[in-house]
Amino acid sequence: MAITKINEPIAQFEAWLTEARDSEPNDPEAMSLATATPAGVPSVRMVLLKGVDYRGFTFYTNFDSRKGEEMLANPAAALTFHWKSLRRQVRIEGTTEVVDDAEADEYFSTRARLSQIGAWASKQSRPLEGRFELEKRVACYTAKFHVGAVPRPKYWSGFRLVPSRIEFWKSMEFRLHDRLVYHRTDKGWTSERLYP
Ligand SMILES: Cc1cc2nc3c(=O)[nH]c(=O)nc-3n(C[C@H](O)[C@H](O)[C@H](O)COP(=O)(O)O)c2cc1C
């Protein structure tokens, strides 16, 4: 195992994301997010990466959604990026934490006004009678917040996945793919290669 520089896997991830922004037809920031109940029952869905730095990978959602409830009860989670046109995959495992209110407020303020209203109107992951029920809720919150800034709902915020393992997978000829995995230690990261 090689000892690596403190933030080497994060820098590597940023380099691949930059390339993906040039190559992918849409949503290079899309990632699958796997969560699990405290009993270990898994679930997975796509979310959008909204920030990455030495602390981890940040995305936004509703605390009362299925994923929100699962992460609040069991912080163990994993992410996968698949950039099809580059034939690359990144797998990230770790624990999630809620971002602080100031960070969530700052991001929420950059969202389109209708997306802000949508955060109020959508009871994400709960049963919906029909589209009209949702439209009524959108109309209701549009009226409620007709002037001034739309505040962030208390149940809508960001999670940061703090990584303990990051794996870079690159397609190679004859399925002899390249796999480079980083493990976090007290001092930084170690890395090793895995058989494909
Ligand atoms: C490309 C893509 C990006 C998405 N981004 C988000 C996101 O950033 N946050 C979010 O809450 N849902 C996002 N969704 C919707 C989720 O996949 C999911 O349907 C929703 O969050 C409810 O998931 P849950 O019931 O497991 O909590 C996205 C869906 C797709 C296909």
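## Reading a predicted fold: a dialogue

Guide: In this predicted model, the protein exposes about 11400 Å², of which carbon and sulfur atoms supply 55%.

Visitor: How many helices and strands are there in the protein?

Guide: The protein contains five helices and ten strands. Its C-alpha atoms fill a box of roughly 60 × 35 × 35 Å along the principal axes. Of its 196 residues, 41% count as buried. Among contacts with a separation of 6 or more, 63% join residues 24 or more positions apart.

Visitor: How many positive and negative side chains does the protein have?

Guide: There are 29 positive and 26 negative side chains, and the centres of the two sets lie 3 Å apart.

Visitor: What general idea should guide the reading of a helix with a buried side?

Guide: An α-helix has 3.6 residues a turn, so residues three or four places apart point the same way. Helix α1, residues 8-23, provides a case. Its 16 residues reach 23 Å from the first C-alpha to the last, close to the 22 Å expected at 1.5 Å a residue. The buried residues of α1 are Pro9, Ile10, Phe13, Trp16, Leu17 and Ala20. Seen down the axis of α1, these residues fall within an arc of 125°, so they line one face of the helix.

Visitor: Which residues of helix α3 are buried, and what does the face turned away from them carry?

Guide: In α3, residues 101-110, the buried residues are Ala104, Tyr107 and Phe108. They cover an arc of only 100° around the axis, which puts them on the same side of α3. The face turned away from this buried side carries the exposed residues Ala102, Glu106, Ser109 and Thr110. The buried residues of α3 pack against β5 (56-62), α4 (113-121) and β8 (156-170).

Visitor: Against which elements do the buried residues of α2 pack?

Guide: The residues concerned are Lys67, Gly68, Glu70 and Met71, which are buried in helix α2 (residues 66-73). They cover an arc of only 165° around the axis, which puts them on the same side of α2. Their packing partners are β2 (30-36), β3 (42-48), β5, β7 and β8.

Visitor: Where does Arg91 lie, and which residues does it touch beyond those up to four places away in sequence?

Guide: Arg91 belongs to strand β7, residues 88-98. With the residues up to four places away set aside, it touches Leu79, Thr80, Arg165, Ile166, Glu167 and Arg179. The C-alpha atoms of Arg91 and Val181 are separated by 9.0 Å, although the two residues are 90 apart along the chain. Arg91 counts as partly exposed because its relative accessibility is 30%, a value between the 20% and 50% limits.

Visitor: Is Glu135 buried, partly exposed or exposed?

Guide: Glu135, in helix α5 (residues 131-144), has 46% relative accessibility and therefore counts as partly exposed. Its C-alpha atom is separated by 9.8 Å from that of Gly118, 17 residues away along the chain.

Visitor: What is the general expectation for the sign of phi?

Guide: Most residues other than glycine have a negative phi. Arg87, by contrast, has a positive phi near 55°. Arg87 is found in the loop between β6 (76-83) and β7, and it is exposed, with a relative accessible area of 56%. Arg175 also has a positive phi, of about 60°, although it is not a glycine. Arg175 is found in the loop between β8 and β9 (178-184) and counts as exposed at 69% relative accessibility.

How values were computed
Residues numbered from 1 in each chain as written. Predicted model: local features only at pLDDT ≥ 70, side-chain atom pairs only at ≥ 80, totals over all residues. Heavy atoms only, no water. Helix = DSSP H or I, 4+ residues; strand = E, 2+ residues; numbered from the N terminus. Buried < 20%, exposed > 50% of the residue type's maximum accessible area, 1.4 Å probe, protein only. Contact = heavy atoms within 4.5 Å. Areas by Shrake-Rupley, 256 points an atom, 1.4 Å probe, with all protein chains shown as cover. Lys, Arg positive; Asp, Glu negative; His and termini not counted. Charge placed at Lys NZ, Arg CZ, Asp CG, Glu CD. Arc of directions from axis to C-beta. Expected span 1.5 Å × (residues − 1).
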